[in-house]
Amino acid sequence: MEVSGIRKGDNSRVKARVKQKLEQVSPTDGTLPAYIVVVEFSNPLAFIVKK
């Protein structure tokens, strides 16, 4: 599981962080599932992705 937070940002910044975290967990591809959670706190907004 990768969890990340952004104090203030827009949708494109949150999506960029999700992409960064997806790349970070790529070594586990095919062996374990990975969950990505990115929260933007000023809005609030959360993206949750299962890879």
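This briefing walks through the fold, surface, salt bridges and a few chosen residues of the chain shown above. The model is predicted, so please read every value here as computed from it. The chain has one helix and three strands, and their order along the sequence is β-α-β-β. Two salt bridges are present in the structure, and a good part of the briefing is about them.

**Overall layout**

- Along the principal axes, the C-alpha atoms fill a box of roughly 35 × 15 × 10 Å.
- The chain has 51 residues, and buried residues make up 25% of them.
- Among contacts with a separation of 6 or more, 49% are between residues 24 or more positions apart.
- Strand β1 covers residues 2–6, helix α1 covers residues 11–24, strand β2 covers residues 35–40, and strand β3 covers residues 45–50.

**Surface and charge**

- The accessible surface of the chain is about 3,700 Å², and carbon and sulfur atoms account for 55% of that area.
- Met1, Val3 and Tyr35 together make a nonpolar surface patch of about 350 Å².
- Within this patch, Val3 belongs to strand β1. Val3 counts as exposed because its relative accessibility is 55%, and the cut-off for that class is over 50%.
- On the charged side, the chain carries 9 positive and 5 negative side chains. The centres of these two sets lie 3 Å apart.

**The salt bridge between helix α1 and strand β1**

- Side chains of opposite charge can pair when their charged atoms come close.
- Lys21 and Glu2 form one such pair, a salt bridge with an N to O distance of 3.4 Å.
- Lys21 sits in helix α1 and Glu2 in strand β1, so this bridge ties together parts that are 19 residues apart in sequence.
- Both partners are buried: Lys21 has a relative accessible area of 12%, and Glu2 has one of 19%. Glu2 falls in that class because buried means under 20%.
- Leaving aside neighbours within four places in sequence, Lys21 is in contact with Glu2, Ser4 and Ile36.

**The salt bridge at Lys51**

- The side chains of Lys51 and Asp29 also meet in a salt bridge, at 3.0 Å from N to O.
- Lys51 lies in the segment after β3, and Asp29 in the loop between α1 and β2, so the pair ties together parts that are 22 residues apart in sequence.
- Lys51 is partly exposed, with a relative accessible area of 38%. Asp29 also counts as partly exposed, at 43% relative accessibility.

**Val49 and its surroundings**

- Val49 is placed in strand β3 and counts as partly exposed, at 22% relative accessibility.
- Apart from neighbours within four places in sequence, Val49 is in contact with Val18, Leu22, Ala34, Tyr35 and Ile36.
- One of these contacts, Ala34, is 15 residues away along the chain, and its C-alpha atom is separated from that of Val49 by 8.3 Å.
- Two names in this list turn up elsewhere in the briefing: Tyr35 is part of the nonpolar surface patch, and Ile36 is also in contact with Lys21.

Definitions and conventions:
Residues are numbered from 1 along each chain as its sequence is written. This is a predicted model: local features need pLDDT of at least 70, side-chain atom pairs count only at pLDDT 80 or more; totals for chains, interfaces and linings use all residues. Side-chain values use heavy atoms; hydrogens and water are left out. Patches are made of residues with over 30% relative accessible area and no salt bridge: like charges are joined within 9 Å, nonpolar side chains (Val, Leu, Ile, Met, Phe, Trp, Tyr) within 5 Å. Accessible areas come from the Shrake-Rupley method with a 1.4 Å probe; for residues, only the protein chains shown count as cover. A salt bridge is a side-chain nitrogen of Lys or Arg within 4 Å of a carboxyl oxygen of Asp or Glu. Helices (H or I, at least four residues) and strands (E, at least two) are DSSP runs, numbered from the N terminus. Buried means under 20% relative accessible area, exposed over 50%, partly exposed in between (1.4 Å probe, protein chains only). Contact means heavy atoms within 4.5 Å. Lys and Arg count as positive and Asp and Glu as negative; His and the chain ends are not counted. The place of a charge is taken as NZ of Lys, CZ of Arg, CG of Asp or CD of Glu.
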